[in-house]
Amino acid sequence: MGIVVYWLEGEGEAQVPVCASFGSQALSEALACAEAQRRAGHRHVSISTELEDHIGRPGVAAVEGGRTPD
């Protein structure tokens, strides 16, 4: 699972988080899913990725001197 689309379903206090997962090569499908959720009126639609071929170790949040700290 490389890409996950999250959104909220329900109203008010009854809202619950829902997600759909996609392979790391399925960005077009994930974007289409996110667009469909927004058009359906769902709120807080977001996409999260954890791709296998990323550069640096997971969690690195800085580039210093053109390089990641690791």
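**From an exposed arginine to the nonpolar core**

Arg39 counts as exposed, because its relative accessibility is 68%. This residue belongs to a predicted model, and its partner offers a convenient way into the structure: Arg39 forms a salt bridge with Glu35, in which the closest N and O atoms are 2.6 Å apart. Glu35, with a relative accessibility of 36%, counts as partly exposed. The two residues both lie in helix H1 and are 4 residues apart, which is about one turn of the helix. The structure holds 1 salt bridge.

The helix that carries this pair is part of a short list of elements, since the protein has 1 helix and 3 strands, arranged along the sequence in the pattern β-β-α-β. Helix H1 covers residues 27–39, strand E1 covers 3–9 and strand E2 covers 16–22, and strand E3 covers residues 43–49. Of the 70 residues of the protein, 19% count as buried, while the accessible surface comes to about 5,300 Å², with 51% of that area belonging to carbon and sulfur atoms. If one takes the contacts between residues at least 6 apart in sequence, 44% of them join residues at least 24 apart.

Which residues make up the largest nonpolar core? The core has 10 residues in all, namely Ile3, Val5, Trp7, Ala20, Phe22, Ala26, Ala30, Cys33, Ala34 and Val45. At least two residues of this core are supplied by each of strand E1, strand E2 and helix H1. Ala26, a member of the core, has its place in the loop between E2 and H1, and it counts as buried because its relative accessibility is 14%. Ala26 also illustrates how the chain brings separated positions together in the model: Ala26 and Ile3 are 23 residues apart in sequence, and their C-alpha atoms are 7.6 Å apart in space.

Another core member, Cys33, deserves a closer look. At 14% relative accessibility, Cys33 counts as buried, and, when its neighbours within four places in sequence are left aside, it is in contact with Val5, Trp7, Ala20 and Phe22. Why does the sulfur of Cys19 form no bond with that of Cys33? The sulfur of Cys19 has its closest cysteine sulfur in Cys33, and the separation of 9.6 Å is too far for a bond, whereas a disulfide here requires the two sulfur atoms to lie within 2.5 Å. Seen from the other side, Cys33 is in no disulfide, the nearest cysteine sulfur being that of Cys19, and the structure as a whole holds 0 disulfides. Cys19 itself has a relative accessibility of 46% and therefore counts as partly exposed.

Is Gln37 buried or exposed? Gln37, which lies in helix H1, counts as buried because its relative accessibility is 15%, and the limit for that class is under 20%. With residues up to four places away in sequence not counted, Gln37 touches Trp7, His42 and Val45; among these, Trp7 and Val45 are residues of the largest nonpolar core.

Turning to the surface, Leu27, Leu31 and Ile47 make a nonpolar patch of about 240 Å². Leu27 lies in helix H1, and with a relative accessibility of 44% this leucine counts as partly exposed. Its value is above the 30% of relative accessible area that a patch residue must exceed.

The last stop is His44, which lies in strand E3. His44 has a relative accessible area of 62% and is therefore exposed. Its backbone calls for attention as well: the phi of His44 is near 55°, a positive value in a residue other than glycine. Most residues other than glycine have a negative phi.

Terms used
Residues numbered from 1 in each chain as written. Predicted model: local features only at pLDDT ≥ 70, side-chain atom pairs only at ≥ 80, totals over all residues. Heavy atoms only, no water. Patch = residues over 30% accessible without salt bridge, like charges linked within 9 Å, V, L, I, M, F, W, Y side chains within 5 Å. Areas by Shrake-Rupley, 256 points an atom, 1.4 Å probe, with all protein chains shown as cover. Salt bridge = Lys/Arg side-chain N within 4 Å of Asp/Glu carboxyl O. Buried < 20%, exposed > 50% of the residue type's maximum accessible area, 1.4 Å probe, protein only. Core = buried A, V, L, I, M, F, W, Y, C linked by side-chain atoms within 4.5 Å. Contact = heavy atoms within 4.5 Å.
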